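Biologist: I'm new to this one, so could you walk me through how a couple of its labels were earned?

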Amino acid sequence: MDNGASSYLRFLNGDQNGYVEIIREYSNRFILFIDTIVDDIHLAEEIADDVFLKLYTDKPDYKETYSFKTWLYAIGRNTALDYLRKIKRHRYSPIEHSFYISDETDLESDFIVGEQNRLIHQCIKALNKEYADVLFLIYFEELSNTETAKVIGKSSRQVAQLLYSAKKALREEMERRTEL
């Protein structure tokens with residue numbers, strides 16, 4: 001698949017299978033990306049559902065200036081940030097204080113295989129949000145610095161600087177956790 005663009009264009013032309021392909025291809029990792037922003041996997045699932053629903057109902061224009069993945073992740077990031085602003089404005093309790101009872105499978109545990117990968121993911125989540133976003137987009141989603149810059153609204157140079165600082169912070173966090 002060419003980064004989802006052909007599936008989305010087929011969907012816009014009436015082929016429902018194109019929409020199904022997008023969800024199959026992107027939903028799990030997309031949810032994990034949103035989780036790095038909102039720090040709540042259940043909320044991340046809801047926001048991802050909202051984004052996919054927005055694609056289905058609003059059918060926003062996709063311009064091939066960016067890759068489909070970059071375009072989709074930018075929409076997801078903006079939706080998550082809008083949601084966080086709305087929560088802050090309404091003075092709800094912080095997301096991390098929310099309590100969920102669920103019999104659902106843990107998406108993160110299913111997706112990330114092996115103890116070392118779980119440690120890396122936990123360490124990334126412990127970093128500040130900008131660092132976590134940059135690391136996730138570049139290493140898990142394999143976006144280029146330029147694509148990452150477009151998703152997070154920074155210049156390529158700023159992304160390179162963030163990436164350098166994020167890798168240093170990740171290394172320090174991993175060393176701290178392995179010493180325990």
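Modeller: Sure, we'll go through two helix pairs and one loop residue, keeping in mind that this is a predicted model.

Biologist: Why is H7 called oblique to H8?

Modeller: The axes of H7 (residues 129-140) and H8 (residues 145-152) come within 10 Å and cross at roughly 135 degrees. Roughly antiparallel needs an angle over 145, and roughly perpendicular covers 65 to 115. The crossing fits neither, so H7 counts as oblique to H8.

Biologist: And which residues make that contact?

Modeller: From H7 come Asp-133, Val-134, Leu-137 and Ile-138, and they meet Asn-145, Thr-148, Val-151 and Ile-152 of H8. By class, that's five nonpolar, two polar and one charged. As for handedness, H7 passes H8 in a right-handed crossing.

Biologist: Glu-141 sits in the loop between those two helices. How do you know whether Glu-141 is buried or exposed?

Modeller: Buried means under 20% relative accessible area. Glu-141 has 2%, so Glu-141 is buried. Leaving aside neighbours within four places in sequence, Glu-141 is in contact with Arg-29, Lys-69, Tyr-73 and Phe-136.

Biologist: What describes the packing of H1 and H2?

Modeller: H1 (residues 5-12) and H2 (residues 16-38) pack at an angle of about 145 degrees, their axes 6 Å apart. H1 passes H2 in a left-handed crossing. Ser-7, Tyr-8, Arg-10 and Phe-11 are the H1 side of the contact, while H2 brings residues including Gln-16, Tyr-19 and Ile-22. The residues of this contact divide into four nonpolar, four polar and two charged.

Technical notes
Residues are numbered from 1 along each chain as its sequence is written. This is a predicted model: local features need pLDDT of at least 70, side-chain atom pairs count only at pLDDT 80 or more; totals for chains, interfaces and linings use all residues. Side-chain values use heavy atoms; hydrogens and water are left out. Axes are lines fitted to C-alpha atoms, for helices over the stretch in contact, and angles run from 0 to 180 degrees between N-to-C directions. Helices (H or I, at least four residues) and strands (E, at least two) are DSSP runs, numbered from the N terminus. Angles under 35 degrees count as roughly parallel, over 145 as roughly antiparallel, 65 to 115 as roughly perpendicular and the rest as oblique. A crossing is left-handed if the near helix is turned anticlockwise from the far one by less than a right angle, and right-handed if clockwise. Contact means heavy atoms within 4.5 Å. Ala, Val, Leu, Ile, Met, Phe, Trp, Tyr, Cys and Pro count as nonpolar, Asp, Glu, Lys and Arg as charged, and the others, Gly among them, as polar. Buried means under 20% relative accessible area, exposed over 50%, partly exposed in between (1.4 Å probe, protein chains only).
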